[in-house]
Amino acid sequence: MISEKMYELGTKKSTIRTIYEYGRMRAAEVGEENIYDFSLGNPNVPSPEGVKQSIFDILNEMEPCAIHGYTIAPGDPGVRETLAASINKRFGTKLTGKNLFMTAGAAAAITIVFKALSEPDDEFIAFAPFFPEYRCFVESTGAKLIVVPAHPVDFQIDFAAFESCITKNTKAVIVNSPNNPSGAVYSENTIKKLVAILAAKEQEYAHPIFLISDEPYREIVYDGIEVPYLTKYYMDTIVCYSYSKSLSMPGERIGYIAVPDEITGFGKVYGAIAGAGRVLTHVNAPSLFQQVIARCADMTSDISAYEKNGKLLYNGLIEAGFTCVKPQGAFYLFPKALEDDDYAFCERAKKYDLLLVPGTDFGCPGYFRASYCIKLETIEKSLPFFKKLAAEYEK
Ligand code: PLP
């Protein structure tokens with residue numbers, strides 16, 4: 001009668017959502033100030049003032065029908081030219097508007113790309129720990145998600161494991177750096193090794209293996225660390241970008257796909273992206289916000305708050321006895337749980353109203369994610385409870 005798979009996806013809540021809703025219930029019972037909710041990745045730093053000003057200016061300057069009307073399917077040509085110029089200026093690329101396809105955020109961008117590339121028997125590779133939605137996005141195209149186990153020492157890449165996952169059916173590899181949930185940023189060395197393997201496998205199998213770069217956290221990095229721009233290292237790269245985090249506006253649903261001219265079969269790939277956008281009805285990304293980002297392309301929210309939060313939480317957890325790779329970007333910590341069963345560990349943490357997400361959901365059992373885009377005071381107040389939780393395991 002209906003698609004059981006869609007029913008399951010629509011009714012079975014994600015663990016993150018379930019924990020968040022539990023937090024809302026507890027907040028009603030014991031007060032917001034007594035809940036330490038590390039579950040969601042919802043930016044808590046306001047958008048730059050320029051976003052608000054741009055909205056006012058657009059409303060005052062442009063014709064209402066131009067602001068709120070349809071754009072062409074890939075997005076407003078002027079907006080795409082402006083964004084391409086901004087990307088070129090920052091990363092030394094040679095994009096023009098025709099290389100960009102505007103989307104409703106990174107989720108739409110990745111979904112479109114998976115759909116555009118997918119043929120029967122295809123496999124897409126992701127590295128654990130990974131954004132949990134990849135699985136249903138890939139599987140909805142009929143393709144298979146292959147997961148490379150984590151390299152927990154630094155959450156870079158286990159290259160031997162990666163190589164053994166590539167087969168003649170590998171269509172693409174998706175990377176996410178800065179990473180949700182580990183906070184790791186792939187170094188230039190990691191990228192060079194990764195693309196060398198891909199280039200060799202393209203030769204061996206005589207077909208392109210695309211690299212999809214999912215980068216909603218590109219600007220959220222600490223200690224001046226560089227995030228390599230992948231099209232410069234590997235020509236078969238497709239970039240999926242979003243303004244959800246860099247401009248703190250995930251609810252406005254705006255981002256883009258960048259397909260460089262050098263990619264194998266540019267016309268076919270871009271055409272398939274347009275086709276996938278069409279069947280998924282991800283055409284004409286929100287018109288007003290296309291205009292807004294064109295005016296705010298070079299701005300970012302003040303990320304110093306995340307850096308401060310991250311340092312406080314990281315130092316606090318290390319002091320409490322946790323093991324954790326120091327985050328280089330994004331706004332998540334991914335420490336080792338204090339027992340093998342990460343679900344049991346997160347359940348136990350609830351006793352102190354510490355709301356944490358089990359690592360299993362990110363393809364990495366035995367770990368947990370703590371999202372620190374929350375108030376600094378909440379982190380400060382939570383630290384004694386992390387200590388109490390850790391002490392329970394010392395007994
Ligand atoms: N990719 C990763 C790694 C994410 O963490 C998220 C959101 O948290 C997305 C994609 C989706 O982002 P958007 O809000 O732009 O759809």
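# Reading burial, cavities and ligand contacts

Colleague: Start with one side chain. Is N309 buried or exposed?

Modeller: This is a predicted model, and every reading below is computed from it. Look at the relative accessible area. For N309 the value is 4%. Buried means under 20%, so N309 is buried.

Colleague: Where is N309 found?

Modeller: Look in helix 12, which spans residues 304-320.

Colleague: Which residues is N309 in contact with, leaving aside its neighbours within four places in sequence?

Modeller: Skip the sequence neighbours and four partners are left to inspect: Y372, I374, L376 and I379. Show these side chains together with N309.

Colleague: Now the voids. How many cavities of 30 Å³ or more does the structure hold?

Modeller: There are 4 cavities of that size. The largest cavity contains about 90 Å³ of space. Its lining has 14 residues, and I87, R90, Y241, Y243 and Y256 are the closest to the centre.

Colleague: Which elements give two or more residues to that lining?

Modeller: Two do: helix 5, residues 77-91, and strand 7, residues 237-242. Helix 5 gives the most, with 5 residues.

Colleague: How does the lining of the largest cavity read by class?

Modeller: Sort the residues into three groups. You get 9 nonpolar, 1 polar and 4 charged.

Colleague: And how much space lies in the second largest cavity?

Modeller: About 60 Å³. Its lining consists of A126, F127, P129, F130, Y134, I174, V175, N176, N179 and Y186. Strand 3 (123-127) and strand 5 (170-175) are the elements giving two or more residues there.

Colleague: How do the residues of that second lining divide by class?

Modeller: Here the split is 8 nonpolar and 2 polar, with no charged residues. The largest cavity, in turn, has 4 charged residues in its lining.

Colleague: On to the ligand. How many residues surround the ligand, and which are the closest?

Modeller: The count is 14. A106, D214, Y217, S242 and R253 are the closest.

Colleague: Which atom of A106 lies 2.7 Å from a ligand oxygen?

Modeller: A backbone N or O atom. Check whether a pair uses backbone or side chain. D214 uses a polar side-chain atom, 2.6 Å from a nitrogen atom of the ligand.

Colleague: What lies 2.9 Å from a polar side-chain atom of K245?

Modeller: An oxygen atom of the ligand. Polar pairs count within 3.5 Å. A106 at 2.7 Å, D214 at 2.6 Å and K245 at 2.9 Å can each be read against that cut-off.

Definitions and conventions: Residues are numbered from 1 along each chain as its sequence is written. This is a predicted model: local features need pLDDT of at least 70, side-chain atom pairs count only at pLDDT 80 or more; totals for chains, interfaces and linings use all residues. Side-chain values use heavy atoms; hydrogens and water are left out. Helices (H or I, at least four residues) and strands (E, at least two) are DSSP runs, numbered from the N terminus. Buried means under 20% relative accessible area, exposed over 50%, partly exposed in between (1.4 Å probe, protein chains only). Contact means heavy atoms within 4.5 Å. On a 1 Å grid over the protein atoms alone, a cavity is a set of points where a 1.4 Å probe fits but cannot get out, and a pocket is an open set with protein on both sides within 12 Å along at least five of seven lines; lining residues have an atom within 4 Å of a point. Grid points are joined across faces, edges and corners, and a volume is the space filled by probe spheres set on the points. Ala, Val, Leu, Ile, Met, Phe, Trp, Tyr, Cys and Pro count as nonpolar, Asp, Glu, Lys and Arg as charged, and the others, Gly among them, as polar. A residue is near a molecule or strand if one of its heavy atoms lies within 4 Å of it. A polar contact is a pair of N or O atoms within 3.5 Å; within protein, one must be able to donate a hydrogen and the other to accept it, and residues adjacent in sequence count only if both atoms are side-chain atoms.
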